[in-house]
Amino acid sequence: MSAASQAPEYIRAISPYQPGKPIAELAREMGLPEAGIVKLASNENPLGMAPRAREAAMAALSGIERYPDGNGFALKAALSRRLNVAPEQIVLGNGSNDVLELAARTFLAPGRSAVFSQYAFAVYPLAINAVGARGIQVTAKDYGHDLDAMASAIEADTRIVFIANPNNPTGTFLFGAALEAFLQRVPQDVLVVLDEAYTEYLNATQRYDSIPWLSRFSNLLISRTFSKAYGLAGLRVGYGIAHPEVADLMNRVRQPFNVSSVALAAAEAALLDEEFLAQSARMNERGMAQITEALAELGLEWIPSAGNFVTFRVGDAAAVNASLLRQGVIVRPIASYGLPEWLRVSIGLPEENARFIAALKQALG
């Protein structure tokens with residue numbers, strides 16, 4: 001009997017997360033020059049990182065021999081000022097992915113369950129399964145969250161409900177009023193994890209402010225990230241905001257130094273670079289129009305998206321994706337989400353979007 005065979009069955013049953021294919025990997029596989037490859041697979045910011053964040057990251061390297069501030073005092077203080085919450089309400093994570101897993105480790109265990117939507121972020125079932133809890137998947141409505149069905153799906157042993165807004169990978173969006181009404185229906189002993197990884201991309205008519213809800217709903221955890229609009233995906237830094245008692249419990253299971261000193265410094269500086277954030281949102285809006293207009297010309301179906309990506313239907317997605325890869329364009333197959341005929345493309349620079357559109361036309365013949 002091997003050591004591996006002694007791992008709990010719920011660990012052995014986990015299907016690993018499938019990230020977007022790295023540029024270097026495609027270059028090796030296809031013999032392509034890396035400089036000629038366009039990656040539109042992981043919803044990264046095509047503008048890179050904010051200039052202020054880059055300067056702060058470079059400056060932080062001078063102290064890289066020291067451990068980072070395990071409590072993230074300066075970043076929490078900056079977030080506290082920005083969001084008007086107490087530092088005790090903040091949990092820092094190695095990306096918001098870490099925050100989601102911390103929530104699962106804190107509130108789930110064998111014999112407990114968590115509710116999430118069909119077509120929602122793949123990390124939710126992974127986090128649930130990794131702690132031996134039971135996942136309750138609720139059938140999606142128009143590729144997005146059916147909040148009424150999700151409220152009805154809550155069982156006596158349910159301890160978490162995961163909601164992504166906008167949702168990844170479908171890009172669907174829930175208005176603030178609907179979310180607020182949902183929170184009023186959820187029992188107070190069930191944590192609602194509101195994943196707002198793409199909230200900076202919402203347009204003026206979609207914007208809502210979930211932070212004030214924290215004073216009314218002690219069972220609300222809002223997770224956000226610096227990986228998307230702030231352009232810090234490679235540094236891995238995100239945060240959660242919750243009732244102080246919830247944050248305290250999550251901090252007890254957090255790794256002592258889960259965010260690096262470079263990431264802490266860059267994130268703190270990025271918060272101050274509002275012009276970069278606005279520039280990123282404007283570019284995304286134009287790029288979204290560029291790509292969806294092309295999809296329309298090609299007669300393809302797509303799901304209206306509030307994020308920095310769009311999911312579209314091509315039929316034989318595996319064949320189309322293979323053709324795109326041969327042409328040096330990386331998008332995201334999402335068959336693992338139960339959408340085998342669909343692909344997801346991130347919004348890139350205008351020239352990257354044009355390259356994708358040309359490659360897609362060729363792939364479709």
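## Surface, cores and salt bridges

Methionine 58 is exposed, with a relative accessible area of 56%, in what is a predicted model. This methionine belongs to helix H3, which covers residues 51–60, and together with Leu61 and Ile64 Met58 makes a nonpolar surface patch of about 300 Å².

Nonpolar residues are also gathered in the interior. The largest nonpolar core has 64 residues, of which Leu75, Leu79, Ile163, Phe182, Leu220, Phe226 and Leu232 touch the most other members. Helix H10 (residues 261–270) supplies the largest share of this core, namely 8 residues. For leucine 75, once residues up to four places away in sequence are set aside, the contacts are Leu92, Phe226, Val237, Leu264, Ala267, Glu268 and Leu271. A second core, separate from this one, has 35 residues and includes Phe107, Tyr124, Val246 and Met250.

Helix H13 can be described from its length, its buried residues and its end. The helix runs over residues 350–364, and its 15 residues reach 21 Å from the first C-alpha to the last, close to the 21 Å expected at 1.5 Å a residue. Within H13, the residues Asn353, Phe356, Ile357, Ala359 and Leu360 are buried. An α-helix has 3.6 residues a turn, so residues three or four places apart point the same way. The buried residues of H13 pack against two helices, H11 (274–297) and H12 (317–326), and against the strands S10 (309–313), S11 (329–330) and S13 (342–346). After H13 comes glycine 365, which has a positive phi near 75°.

Charged side chains form 13 salt bridges in the whole structure, and the table gives some of them.

| Acidic residue | Basic residue | N to O distance |
|---|---|---|
| Glutamate 25 | Lysine 21 | 3.0 Å |
| Glutamate 155 | Arginine 134 | 2.8 Å |
| Glutamate 196 | Arginine 224 | 2.9 Å |

Glutamate 155 is found in the loop between helix H7 (147–153) and strand S5 (158–164), whereas arginine 134 is in strand S4 (residues 134–138), so this pair ties together parts that are 21 residues apart in sequence. Both partners are partly exposed, glutamate 155 with a relative accessible area of 38% and arginine 134 with 36%.

Glutamate 196 and arginine 224, by contrast, are buried. Their salt bridge links distant parts of the chain, 28 residues apart, with glutamate 196 in the loop between strand S6 (191–195) and strand S7 (220–225) and arginine 224 in strand S7. Elsewhere, salt bridges with shared partners join Lys21, Glu25 and Glu29 into one network, in which glutamate 25 is partly exposed, at a relative accessible area of 27%.

Notes: Residues numbered from 1 in each chain as written. Predicted model: local features only at pLDDT ≥ 70, side-chain atom pairs only at ≥ 80, totals over all residues. Heavy atoms only, no water. Helix = DSSP H or I, 4+ residues; strand = E, 2+ residues; numbered from the N terminus. Expected span 1.5 Å × (residues − 1). Buried < 20%, exposed > 50% of the residue type's maximum accessible area, 1.4 Å probe, protein only. Contact = heavy atoms within 4.5 Å. Core = buried A, V, L, I, M, F, W, Y, C linked by side-chain atoms within 4.5 Å. Patch = residues over 30% accessible without salt bridge, like charges linked within 9 Å, V, L, I, M, F, W, Y side chains within 5 Å. Areas by Shrake-Rupley, 256 points an atom, 1.4 Å probe, with all protein chains shown as cover. Salt bridge = Lys/Arg side-chain N within 4 Å of Asp/Glu carboxyl O.
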